[in-house]
Amino acid sequence: MRTTQMFVRAGLTVAATAALPLALTAGPAAAVNTQITVTSSGSTVQVNTTACPTGGNASLLSSGQANFAQGRQVPLTRSTGSQSASWSGVSTGTYTVIVVCANGSTAGTQSVTVSTGSGPTISTTTSPPRSPSPTPTRTPSPSPTRGVMGGAGGSTEDYSTVTYAVGGVLVASGVGATAWVLRRRSKPNRL
């Protein structure tokens, strides 16, 4: 019974210590979900969402732009049950659309490929580009140059060295404590 309790305590300590740095770094990334739909038709890009009932802004980022403020921003306009924004005169290329609600939460981030020479093209970060009419000789669209913005790599907050150092110290102390407990348990005559 006592051995089981010691292993359970040691396991919980290791699990909590390992999860703390992940919890510190995963906060902003978890807030970014995809509740938007992005479409392009010719040189027009449009985004629709139902995640921002009080309004918000949308931003169209080209490949050289890294954050919301650098893109072409437009306010969301309300229609029945949803909000939308659009950009016209968009040149051919791959863009990223970000929607931020009025309360500051991110409704979603998606990539879209604009091709002014053909019909409508819909592209998201979670599925390959789709064409309105499948053709067997179609060449794949170029992938987004910024990559997929998801998980810790897509977070918008840059954590300092101190945050990572504290997380490393916590992980190291958890591993050390586990080793100490297991070593003590290997010698049954010690208390």
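## One disulfide and the strands around it

By a distance rule for cysteine sulfur atoms, this protein has a count of 1 disulfide. The bond is formed by Cys-52 and Cys-101, with their sulfur atoms 1.9 Å apart. It links distant parts of the chain: Cys-52 lies in the loop between β2 (44–49) and β3 (56–61), while Cys-101 belongs to strand β7 (residues 93–101), and 49 residues separate the pair. Please keep in mind, as you turn the structure around, that this is a predicted model.

Let's stay with the two cysteines for a moment. The torsion about the S-S bond of Cys-52 and Cys-101 is about -70 degrees, and therefore the disulfide is left-handed. Is Cys-52 buried or exposed? With a relative accessible area of 0%, Cys-52 falls under the 20% cut-off and so counts as buried. Cys-101 is buried as well, because its value of 7% also lies under 20%.

From the disulfide, we can step to β3, the strand that follows the loop holding Cys-52. Of the 6 residues in β3, 5 are buried, so this strand is largely enclosed by the rest of the structure. Which strands does β3 pair with? One of them is β7, which runs antiparallel to β3 and is joined to it by 6 bridges. That is the strand in which Cys-101 sits. Another partner is strand β4 (residues 72–75), which pairs with β3 in the antiparallel sense over 4 bridges.

A good residue to click on here is Asn-57, since you can follow its pairing into β7 and into β4. In β7, Val-100 is the bridge partner of Asn-57. In β4, the residue standing opposite Asn-57 is Pro-75.

Now zoom out to the whole chain. How many helices and strands does the protein have? There are 2 helices and 8 strands, and read along the sequence they follow the pattern α-β-β-β-β-β-β-β-β-α. In other words, a helix opens the pattern, the strands come next, and a helix closes it.

Contacts offer another view of the fold. Taking contacts between residues at least 6 apart in sequence, 59% join residues that are at least 24 apart. The disulfide, with its cysteines 49 residues apart, also links distant parts of the chain.

Finally, look at the surface. The protein has 191 residues, and 27% of them count as buried. Its accessible surface comes to about 11,400 Å², and carbon and sulfur atoms account for 59% of that area.

Terms used. Residues are numbered from 1 along each chain as its sequence is written. This is a predicted model: local features need pLDDT of at least 70, side-chain atom pairs count only at pLDDT 80 or more; totals for chains, interfaces and linings use all residues. Side-chain values use heavy atoms; hydrogens and water are left out. Buried means under 20% relative accessible area, exposed over 50%, partly exposed in between (1.4 Å probe, protein chains only). Contact means heavy atoms within 4.5 Å. Accessible areas come from the Shrake-Rupley method with a 1.4 Å probe; for residues, only the protein chains shown count as cover. A disulfide is a pair of cysteine sulfur atoms within 2.5 Å. Two strands pair if DSSP finds at least two bridges between them.
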